[in-house]
Structure formats: structure tokens, C-alpha cells
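Me: Got a minute to go through this one with me? I'd like to start with what sits around the ligand.

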Amino acid sequence: MHPWIADRTAAFDASGIRKVFDLAAKLKDPINLSIGQPDFDVPDQIKEAAIDAIESGRNAYSPTQGIGPLREALKADIAKQYPHEDRDVFISSGTSGGLMLAMLSMINPGDEVIYLDPFFVMYPALLEMCGGVSVRVDSYPDFRLDPAKIEAAITPKTKMILVNSPANPTGVTASPAELKAVAEIAAKYNIALVSDEIYSRFFYDGEFDSPAKYNDKTIVIDGFSKSHAMTGWRVGYVHGPSEVINTMLKLQQYSFVCSPQPAQWGALRAMEVNLDGYIEDYSRKRDLICDGLSDLYEIAKPGGAFYVFPKAPSGSGTEFVERAIEKGLLIIPGKIFSKQDTHFRISFAASDETLNRGIEVLRELAK
Ligand SMILES: Cc1ncc(COP(=O)(O)O)c(C=O)c1O
């Protein structure tokens with residue numbers, strides 16, 4: 001390691017995903033099912049609100065906690081869903097910004113954080129940067145949140161349980177009963193419960209549920225990136241007990257400063273946009289991909305997000321992805337999201353034409 005590089009950066013590795021993108025860059029007309037963002041553009045009303053903010057001079061720092069109207073609108077929505085005595089909200093620099101501040105605010109070196117394997121790549125990186133220790137609960141083959149396994153992983157060092165439903169990379173959703181049980185376990189052991197709800201709007205079977213309904217101390221992290229295709233705008237929000245929120249704000253003041261102000265005005269308008277059409281479309285795409293592959297692949301049907309996490313029919317996940325890339329199909333090896341190298345991630349946030357081409361290649365590869 002170069003002598004200037006800090007030890008904390010050695011705790012994790014980002015080369016796996018970079019390798020896929022390097023290979024992708026060499027392909028002429030790839031069938032790209034690797035992207036973790038919607039394939040629709042930011043709805044026009046949202047663009048207009050942001051342009052209007054820029055043109056009318058709302059370009060300076062916003063208050064650290066976010067612009068008043070967005071914060072108030074979110075607060076009103078949150079209070080309706082979770083009428084807790086002590087629940088505050090602030091606007092973060094994307095959900096990632098919220099996750100980072102949550103870790104920095106709550107994780108001391110040596111603290112253990114429980115989360116499911118497979119997991120979103122950022123979780124180990126962020127918490128290990130704070131000196132935290134990952135305790136991964138194996139969720140293969142159905143990727144369900146099993147409260148008994150979570151409780152069994154608790155030790156005197158457990159500081160946080162991190163849940164993500166609908167999940168990246170599996171698309172699997174937790175049932176209300178599972179969320180309630182985990183929420184009660186966190187309360188029983190006085191462990192921080194953080195719920196990453198970035199895919200809450202992409203929920204296809206039944207209604208989205210949050211552990212915050214069952215545990216009034218839950219720290220919820222959500223945002224506009226995925227729901228409104230605003231991944232480059234960096235607007236997220238966090239709500240939870242005021243003392244935790246105030247600590248996160250103190251850190252935001254000295255790091256991210258604020259979420260970009262024009263993007264926050266866009267997000268305020270986003271709250272009025274009806275997403276039903278997009279969600280119906282993604283639910284249909286989910287069925288298209290699952291129906292197209294489930295006779296040849298072992299698949300846990302996703303109830304949300306826009307990912308499927310099938311098992312490679314032969315060889316390791318990495319070998320399978322290399323074969324797929326040779327045929328022009330970009331998918332992500334499961335190893336990036338897991339200690340296991342047996343699966344691969346497909347994103348179905350793509351046009352039907354791309355999905356059908358992808359299904360064709362995958363069917364060929366399974367023969
Ligand atoms: C589970 C999960 N959480 C958080 C994020 C980060 O989202 P944002 O763009 O709001 O930082 C992602 C993005 O892929 C994600 O999949």
C-alpha cells in the first residue's frame with residue numbers, strides 16, 4: 001500500500017464491480033442489465049422545479065437540515081405514518097449520505113452490526129470505515145429476513161441491526177410479521193435499528209411496511225434517487241429519534257454541508273408526482289424476467305426493487321458472469337454482494353427490448 005494511504009481504506013475492496021464496468025466499456029452494444037437505477041428520466045415537473053430554483057437564485061447553501069418546505073412536507077407525511085412523540089427528519093446528501101452519517105454517529109470501533117448476506121455493497125464499507133464489525137446473517141436460498149437468525153447473532157457487542165426491504169441485490173421484501181419481530185428484538189436488547197427504505201416505492205405485492213411501525217426508535221433512511229430517477233441529484237432523508245438526528249446533523253454540517261439546494265426544490269415537487277404508472281411498469285418487467293427464466297434458473301421471486309438474484313446454473317457466479325459478458329450481456333457477480341460466489345444480479349430497470357435480449361442470452365447459457 002502507498003505510504004500515504006490510511007489503514008481504514010484497506011478494510012474493503014471496490015475492484016470487483018470496477019472490473020465488470022471495465023469489461024463493459026469494451027463492449028459495443030451491450031445488453032445492459034447491470035444498472036441500479038431506473039431506466040426512465042426524471043419527470044418533467046421535477047426538472048422544471050429545479051430549473052426554476054436555479055433561475056430564481058436559490059443556489060446557495062441550504063440550512064444543514066434541508067430547505068424548510070421539503071422538511072415540513074416530509075415531516076407531515078412521516079407524522080401521519082408514525083405518530084411517535086420523538087421523531088425528527090433532515091435532508092441528507094442521498095441515502096448514501098444518510099447511511100454514512102448513521103454509521104459515524106452510532107458506531108464505535110469494535111461495535112458489531114448485524115445485516116443479511118447478500119447485502120448492499122456500501123454497508124460493510126461504511127461501517128468498517130468507522131471501525132465497526134460486520135456480522136452477516138446468511139439468508140440463502142430464499143433471502144428472507146429470519147428474526148430467529150437475527151436474534152441468534154446478537155452478542156454484548158451488537159450495536160445496530162441494519163435492514164433493507166425491498167433489498168438490493170435480491171429484491172426480496174420482508175413480511176410485516178418478520179419486520180415486527182426484528183423491531184421487537186431490537187427494542188428488547190436496546191439495539192439501534194436502521195431501516196434502509198430506498199426501494200420502498202418499488203413494492204409489487206401488497207403494501208410496503210416499515211419496522212418503524214413497530215419500534216418508535218427506528219432510524220429510517222430513504223430518498224428520491226430511485227423513486228424519481230434522481231440518482232445524480234443527491235437528495236435523501238433520515239428520520240428517527242431527535243438526539244440521533246441532531247448528532248447526524250452535527251456531522252453533516254462539517255462534511256456534506258447540505259444536499260444541493262436546487263435538487264431539494266426538485267424533490268419537493270417530486271412529492272406531488274404520481275408514480276403508479278412507473279411502478280406498474282416495473283411490476284410487469286419483474287414478471288417478464290421471472291417468467292422468462294424460472295424454468296431454467298433457481299430464483300427467489302422479488303417482491304420489490306428492480307433486481308433478481310438467480311443462482312448460476314453451473315460454475316461460480318463470477319465464471320458465469322464472464323461467460324455472459326462474452327455474449328454481450330452485462331450482469332453483476334453475486335460475490336460483490338456476498339461472501340458466496342454462486343449467484344448473479346440482474347437489474348430489470350431496462351427497456352422490454354433489452355430485457356428480452358437478456359432473457360434470450362441467459363436461456364442459451366443455461367442449456
Ligand atoms: C440498498 C441501497 N441503499 C442506498 C443506496 C444509495 O442510494 P442514494 O443514491 O440515495 O445514495 C442504494 C443505491 O444503489 C441502494 O441500493
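Reply: Sure, and keep in mind that this is a predicted model. By class, the shell around the ligand splits into two nonpolar, ten polar and one charged residues.

Me: Which residues are the closest to the ligand?
Reply: Gly94, Thr95, Ser96, Asn168 and Ser225 are the closest, out of 13 residues that surround the ligand.

Me: And which helix gives the largest share of that shell?
Reply: Helix 4, residues 94-106, with three residues.

Me: OK, zooming out. How is the chain divided into domains?
Reply: Domain 1 takes in 7-42 + 275-366, and domain 2 covers 60-270. Their centres, taken over C-alpha atoms, are 24 Å apart.

Me: How many residues does each domain put into the contact?
Reply: Domain 1 puts in 31 residues and domain 2 puts in 33.

Me: On the domain 1 side, which elements give two or more residues?
Reply: Helix 10 (276-293) and strand 9 (307-308). Helix 10 gives the most, with four residues.

Me: What's the mix of classes on that side?
Reply: The domain 1 side that touches domain 2 has 18 nonpolar, eight polar and five charged residues.

Me: Back to helix 10 for a sec. At what angle does helix 10 pack with helix 12?
Reply: About 15°, with the axes 10 Å apart; helix 12 is residues 352-366. Helix 10 is therefore roughly parallel to helix 12, since angles under 35 degrees count that way.

Me: Is the crossing left-handed or right-handed?
Reply: Helix 10 passes helix 12 in a right-handed crossing.

Me: Which residues make that contact?
Reply: From helix 10 you have Lys285, Leu288, Ile289, Gly292 and Leu293, and from helix 12 Asp352, Leu355, Ile359 and Leu362. By class, that contact has six nonpolar, one polar and two charged residues.

Me: New topic: backbone oddities. Which peptide bonds are cis?
Reply: The bond from aspartate 117 to proline 118 is cis, with omega near 5°. Another cis bond runs from tyrosine 140 to proline 141, with omega near -5°.

Me: Where do those prolines sit?
Reply: Proline 118 is in the loop between strand 3 (112-117) and helix 5 (122-129). For proline 141, look at the loop between strand 4 (133-138) and helix 6 (147-152).

Me: What else is in the loop between strand 4 and helix 6?
Reply: Phenylalanine 143 lies there. Phenylalanine 143 has a positive phi of about 65°, although it is not a glycine.

Me: Why bring those up?
Reply: Because most residues other than glycine have a negative phi, and most peptide bonds are trans.

Technical notes:
Residues numbered from 1 in each chain as written. Predicted model: local features only at pLDDT ≥ 70, side-chain atom pairs only at ≥ 80, totals over all residues. Domains from an automatic or database assignment. Contact = placed C-beta atoms within 7 Å. Nonpolar A, V, L, I, M, F, W, Y, C, P; charged D, E, K, R; others polar. Near = placed C-beta within 6 Å. Axes fitted to C-alpha atoms, helices over the stretch in contact; angles between N-to-C directions. Parallel < 35°, antiparallel > 145°, perpendicular 65-115°, else oblique. Left-handed = near helix turned anticlockwise from the far one by under 90°.
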